[in-house]
Amino acid sequence: MNTAITSCLSKAETATPKNSFTATLQDLIEYPTSGIFSKVLLKDNNSQYSLFCLAAGTKIDEHTSPRNAVITVLEGTGNLNLEGKDIALAPGVFVFMPANAPHALQAKANLAFVLTLSEHSPAKREISQQTIDIVKSTAPILKQHGQKITTRMYEIMFRKYPEVKAQFDMSAQANGTQPAKLATAVYSYATHIDNLEALKVMVDKIAHRHVQAHVLPEQYPIVGECLLQAIKDVLRNAATEEVMTAWTEAYQVLAEVFINREYHIYQTTSDCH
Ligand code: HEM
């Protein structure tokens with residue numbers, strides 16, 4: 001669990017990039033008796049600059065951020081574990097953490113740093129023409145067996161990962177509405193894999209539902225694993241190696257689309273890192 005951030009400046013107190021902005025950071029440093037105090041100093045659509053003040057002994061468990069991040073230490077000492085490597089934090093240390101790099105932090109003494117988050121625009125993953133052709137060719141069979149596949153998917157997922165059950169409305173599972181919605185989404189994706197723009201409205205609706213249900217990026221591999229297994233179980237001989245390879249790639253692309261959309265929705269509903 002991440003340590004709770006005890007306070008954020010309200011939007012009104014956060015500088016906007018239209019105005020020039022100067023702050024004497026030493027005057028803003030304020031340590032809580034335990035945990036973290038953070039202030040957003042400045043933000044725009046691409047970047048966010050925050051002051052973090054961690055009480056001695058505070059730990060932030062390993063996590064990732066989809067944005068590039070820089071830590072600039074102002075005072076205090078601590079340890080940053082970045083992609084498995086320990087980095088000693090002390091005044092003047094500057095660390096760049098690429099997007100999605102796992103990191104964990106511990107304050108040894110009261111520790112203050114500026115965290116700069118900047119938008120990371122990964123090169124859009126190109127889906128190979130072969131994958132597009134194979135996925136499109138599976139659309140009719142997915143239409144025919146869609147609900148059987150998604151019902152099986154939830155069966156596998158709830159058995160193997162029972163902890164995700166709490167996020168679902170189990171009555172929508174029992175009466176088949178959720179498996180039917182997922183089957184429609186998977187079928188729509190198969191037919192529009194070469195024109196993702198056409199799926200924008202659908203992706204937006206699902207992404208908002210996901211944010212309401214607190215779906216996290218690290219849960220996508222779970223759904224992917226269970227969906228691919230369900231496709232195999234239901235389609236049997238029709239689930240050739242070629243088909244499974246194409247759907248593995250296609251699922252990853254769709255998962256990225258959702259993760260990015262959901263990230264932006266989470267950002268607009270929270271001021272904190
Ligand atoms: C690419 C993968 C995914 C697709 C295509 C997908 C599709 C959908 C669809 C179509 C809905 C119904 C939205 C509505 O009611 O309008 C939904 C809801 C939901 N999804 Fe996903 N989803 C995906 C990944 C995930 C992941 C990774 C999780 C995490 C466990 C998840 C959890 C949920 C939850 C909790 C709901 C609400 C269902 C309920 O109310 O019972 N989904 N999803």
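Leaving aside residues up to four places away in sequence, Thr-131 touches Ala-246, Glu-249 and Ala-250. The model in which this is seen is a predicted one. Thr-131 itself is found in helix α2, which runs over residues 129–137, while Ala-246, Glu-249 and Ala-250 fall within the stretch of helix α8, residues 241–268. With a relative accessible area of 6%, Thr-131 is buried, because anything under 20% counts that way. Even so, the side chain of Thr-131 has polar company. One polar contact, at 2.6 Å, joins it to the side chain of Glu-249, and another, at 3.0 Å, goes to the side chain of Ser-128. Glu-249 therefore turns up twice in this little neighbourhood, once in the list of residues touched by Thr-131 and once as a polar partner of the Thr-131 side chain, which is buried at 6% relative accessible area.

Helix α8 also packs against other helices. Two packed helices are described by the angle between their axes and the distance between the axes. For helix α7 (220–235) and helix α8, the axes come within 10 Å and cross at roughly 150°. That angle is over 145 degrees, so α7 counts as roughly antiparallel to α8. The crossing of this pair is right-handed. On the α7 side, the contact is made by Tyr-220, Val-223, Gly-224, Leu-227, Leu-228, Ile-231 and Lys-232. Facing them from α8 are Met-244, Trp-247, Thr-248, Tyr-251, Ala-255, Phe-258, Ile-259 and Glu-262. Sorted by class, the residues in this contact come out as eleven nonpolar, two polar and two charged.

How do things look for α6 and α8, and at what angle do they pack? Helix α6 covers residues 200–212, and it packs against α8 at an angle of about 60°, with the axes 9 Å apart. An angle of that kind makes α6 oblique to α8. Here too the crossing is right-handed. From α6, the contact draws on Val-203, Asp-204, Ile-206, Ala-207, His-208, His-210 and Val-211. From α8, it takes in Val-257, Phe-258, Arg-261, Glu-262, Ile-265 and Tyr-266. The class count for this contact is eight nonpolar, two polar and three charged residues. Phe-258 and Glu-262 of α8 are named in the contact with α6 and also in the contact with α7.

Between α6 and α7 comes a loop, and His-214 lies in it. Phi of His-214 is near 55°, a positive value in a residue other than glycine. His-214 is exposed, since its relative accessible area of 57% is over 50%. A positive phi shows up at Asn-100 as well, near 70°, and again the residue is not a glycine. Asn-100 is found in the loop that links β7 (94–97) and β8 (103–107). At 48% relative accessibility, Asn-100 counts as partly exposed.

Last comes Thr-177, placed in helix α5, which spans residues 177–192. Is Thr-177 buried, exposed or something in between? Its relative accessible area is 39%, so Thr-177 is partly exposed. The side chain of Thr-177 makes a polar contact of 2.7 Å with the side chain of Asn-175. Leu-28 is another matter: Thr-177 and Leu-28 are 149 residues apart along the chain, and their C-alpha atoms are separated by 52 Å.

Technical notes. Residues are numbered from 1 along each chain as its sequence is written. This is a predicted model: local features need pLDDT of at least 70, side-chain atom pairs count only at pLDDT 80 or more; totals for chains, interfaces and linings use all residues. Side-chain values use heavy atoms; hydrogens and water are left out. Helices (H or I, at least four residues) and strands (E, at least two) are DSSP runs, numbered from the N terminus. Buried means under 20% relative accessible area, exposed over 50%, partly exposed in between (1.4 Å probe, protein chains only). A polar contact is a pair of N or O atoms within 3.5 Å; within protein, one must be able to donate a hydrogen and the other to accept it, and residues adjacent in sequence count only if both atoms are side-chain atoms. Contact means heavy atoms within 4.5 Å. Axes are lines fitted to C-alpha atoms, for helices over the stretch in contact, and angles run from 0 to 180 degrees between N-to-C directions. Angles under 35 degrees count as roughly parallel, over 145 as roughly antiparallel, 65 to 115 as roughly perpendicular and the rest as oblique. A crossing is left-handed if the near helix is turned anticlockwise from the far one by less than a right angle, and right-handed if clockwise. Ala, Val, Leu, Ile, Met, Phe, Trp, Tyr, Cys and Pro count as nonpolar, Asp, Glu, Lys and Arg as charged, and the others, Gly among them, as polar.
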